[in-house]
Amino acid sequence: MVKPQLQTRKLNLWFGKNHVLHDVDLSVYSQKVTAMIGPSGCGKSTLLRCFNRMNDLIPETRITGDVLLGDEDIYKNGSDVSRIRAAVGMVFQKPNPFPKSIFNNVAYGLQIQGKIRRSELEERVEQSLKAAWLWEEVKDRLNQSAMSLSGGQQQRLCIARALANRPKVLLLDEPTSALDPQSTAKVEELCLELKKSVTILIVTHNVAQAGRISDYTAFMYLGDLVEFDKTEKMFTVPADKRTEAYLTGVFG
Amino acid sequence: MKTLKEKLFQYITYLAALFTILCMLAIIFGIFREGLPLFRVVSLKQFIFTNNWYPTHAEPAFGALALIVGSLAVTLGALLIAVPLGLGSAIFISEIAGSKLREAIKPIIELLAGIPSVVYGLFGMAFLAPLVRQWFNLDTGLNVFSASIILGVMIVPIISSLSEDALSSVPSNIREASMALGATRSETIFRAVVPAARNGILCSVLLGFGRAVGETMVVLMVAGGAANIPTSIFEPTRPITSTIAAEMGETVVGDLHYQSLFALAILLFLITLATNLIAELVFSNRRR
Amino acid sequence: MRRRKLKNTLSTVILGFALLVTALFLITFLVHMFYKGSMVLSWEFLTSVPRNSMTEGGIWPALVGTFLLTVLAVAFALPLGVMTAIWLTHYGKPAWLISILRVAINSLAGTPSIIFGLFGMAVFVNIMGMDVSVLAGGLTLAILALPVIINNTEEAIRTVPHEFTEASLALGATTRQTITRVVLPTALPNILTGAILSIGRVAGETAPIMFTAATFYSRKLPTSLTDEVMALPYHIYALMTEGTHPDKQVPIAYGTALVLLLMVLLVSATAIYLRYLFRRKKQW
């Protein structure tokens, strides 16, 4: 049995009195793409945001259970949230580059970690942009505003920005829902390439997308993790009736 | 190291916030400390309800009724002018004018709101007052009437811009619903839109009141300055603010006269504070 | 139906009339001020000192005084206001302290300017012993400008999209880093235009400096922060009410008023125009 890169044990989450996640036990394996699917409001994005503690930002959030990154409990008292978030990159639904230059967007994560030599910074920015397949498109205009890029380019810039921190895990929250089909295809291909070096957890509304890119799939429904398995297996012989109904489009 | 910087930064912003609160408290403390001692000599009732302001007489008297009435007279006069003009303009801008005109007028209103009051005071004193004196054949044009006009025009931008905000935040489906029922535009405005913006408009009038009652330079220069209860709008008067400004120079720090002017400031502060709190209540009602 | 239509037309006319009357009054006001003021306005008027008990000469010391007071006020109020706004938007705990702060800000904003003047006189001039000085006046004006700057900065910060903050935090930035590297730079144009608008407001105030900073007549420029100064608004007031030669002093008052008016209008117009540009250029 491979050791999981990310793991939750009996994870429960409340927003105020609203019980959003119920006893979730999920394992995300190293250098694989794991997709989380399920109807709107099932808690998949909330679960994703537990892995880099972004739910901390929402007032009156309460969490019980463990979330492990490798061997480390990331909700342990006194753990450094900034370091965890740098190690667990995240890309959002809507591309959200800063209103800064392309270069400064990618450099941001490195600069906030502390002083870094200019040459090293430039090298890391280039590496990250190359890894996100954006280098060729932007190498001549690194000082232009990131806002001048197209939507698909902006999203790959956000991926490059996250990669610059050399994260162990990349969380993608419906990264293609605001993109056109061509840009979507490019991001999907990119995921398949990136999984060689980083563990990917992706939330998607698009069942076909999960089928195309993921190795494992988790199906969530009303705050429960209903089923988790190899994608191939779940898509051919789902174990649970609700999974089957969702995959065949009965609800969703 | 990193957490130290975090803490320090947060602490600095926290201190800034506390300091802002402290400023408010210091103002309250400052004027109460200097003004309250007056009431060892004069009762509050005497201060507010008697009409004999002789602070420098051998036997000084501190009945501020005439000053209070003076303040209310010019303020009400100003509102009588500013509410119709400001509200009318706001309705026209929001409901009748096209978006181009609206985009052009809004910054102009904002600009006008910033005109220094002393310039209005000069205009009232040197231009309006002589005209008023001529037209109505008076001894002096520096009176309640002139002061009200200038003060009124001064607060038109406040009333019109806040009312305009209130009107344009009325959802357009209310207008459509009314029009679809066959109402004319004016019926829609006065029966559907204005009632829906009622609280915001009330708020703008309250803030206009607060601004007018606290305005100093205009009344100091244009209202004439006689500490009597005016019997007609063409008589001069001396509102609270101009009394403070005009007499402070003659006082000795800590004497009764000095204290009495601070007591007037307390009164003025309480009036504007109450106005603001009511406006706040009205406004939070609107949001709910 | 005819009557309803008539009523409709009539009310439109009346509403338009309200706007027209306001506009006519303000145009009369502006034209009059420009006409009267331009008669004495000259380069010499701006750059020379008053002479012959203020019946001749210019307003140079008053210009300098107003400039110093304004700069001082904004220099105090801007950092304090921005920091307070940051606390309000990003730290703001506990909730009751926020409520108290909000009441304080609103009350400060609604307090008549003469009360700031009295406060400045009682506290800065008398208790703290600053005397009538640029410093006392600048501090008084700073407190007056504070609520304007806080409200404006808060609004500017709140228009920074939440996505930027989220992205920064998700990259491992701390709250402070997010504020100083993403939120403030993004909000900066709006914070600055607000600060410029508050300059316009501060420069035109008379009542707060009457007893804290301003002097009727001074031929020399202030040499230190503890000197009293002439200031444009107070100069106008003094010429109009305390002068002994109205025939010569009223024209000077008009000239001074025109200078003050132009300064305030230009500064505010610049701010409003910049804000318009930033909004149009805004890419998010």
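This is a tour of one sheet in chain A and of several salt bridges in a predicted model.

**The sheet in chain A**

Start by selecting β6, β7, β8, β3, β9 and β10 of chain A. In that order these six strands make up an open sheet with mixed pairing. At its edges are β6 (88-91) and β10 (224-230); each has a single partner strand, so one side of each has no neighbour in the sheet. From one strand to the next, the twist averages 15°.

**The β6 edge**

Keep β6(A) and add β7(A), residues 169-173. Four bridges pair the two strands, in the parallel sense. To find the register, pick A:M90, which has A:L171 of β7(A) opposite.

Now show helix α6 of chain A, residues 151-163. This helix lies across both β6 and β7 of chain A. Its direction is at about 170° to that of β6(A).

**From β7 to β8**

Move on to β8(A), residues 199-203. The strands β7(A) and β8(A) run parallel and are joined by five bridges. Select A:D173 and look across to β8(A): its bridge partner there is A:V203. To follow the chain between these two strands, display helix α7(A), residues 181-194; the path goes from β7(A) through this helix to β8(A), as a right-handed β-α-β crossover.

**Both faces of β8**

Stay on β8(A) and turn on its side chains. Are its residues buried or exposed? Five of the five are buried, and the strand is mostly covered. The cover is on both faces. On one side are A:T199, A:L201 and A:V203, and on the other are A:I200 and A:I202, all of them buried.

**From β8 to β3**

Next add β3(A), residues 33-37. This strand pairs with β8(A) in the parallel sense, over four bridges. Select A:M36 to see A:V203 of β8(A) standing opposite. A:V203 is thus a useful residue to label, with A:M36 opposite in β3(A) and A:D173 as a bridge partner in β7(A).

**Salt bridges**

Leave the sheet and colour the charged side chains. Over all chains, the salt bridges number 27. A few are worth a stop.

- Select A:D56 and A:R53. Their side chains meet in a salt bridge, at 2.9 Å from N to O. A:R53 is buried, at 13% relative accessible area, whereas A:D56 is partly exposed, at 34%.
- Select A:R242 and A:D240. The closest N and O atoms of this salt bridge are 3.2 Å apart. A:R242 counts as partly exposed, with 35% relative accessibility.
- Switch to chain B and select B:K106 and B:D165. This salt bridge spans 3.2 Å from N to O. Which parts of the chain does the pair link? B:K106 belongs to helix α4 (residues 99-113) of chain B and B:D165 to helix α6 (residues 144-168) of chain B; the two are 59 residues apart and the parts they link are distant in the chain. B:K106 is partly exposed, with a relative accessible area of 32%, and B:D165 is partly exposed too, at 39%.
- Return to chain A for the last stop and select A:E137, A:R156 and A:K186. Salt bridges with shared partners join these residues into one network.

Notes. Residues are numbered from 1 along each chain as its sequence is written. Chains are lettered from A and ligands numbered from 1 in the order in which they are written. This is a predicted model: local features need pLDDT of at least 70, side-chain atom pairs count only at pLDDT 80 or more; totals for chains, interfaces and linings use all residues. Side-chain values use heavy atoms; hydrogens and water are left out. Two strands pair if DSSP finds at least two bridges between them. Axes are lines fitted to C-alpha atoms, for helices over the stretch in contact, and angles run from 0 to 180 degrees between N-to-C directions. Contact means heavy atoms within 4.5 Å. Buried means under 20% relative accessible area, exposed over 50%, partly exposed in between (1.4 Å probe, protein chains only). A crossover is right-handed if, with the strands pointing away from the viewer, the path from the first strand over the helix to the second runs clockwise. A salt bridge is a side-chain nitrogen of Lys or Arg within 4 Å of a carboxyl oxygen of Asp or Glu.
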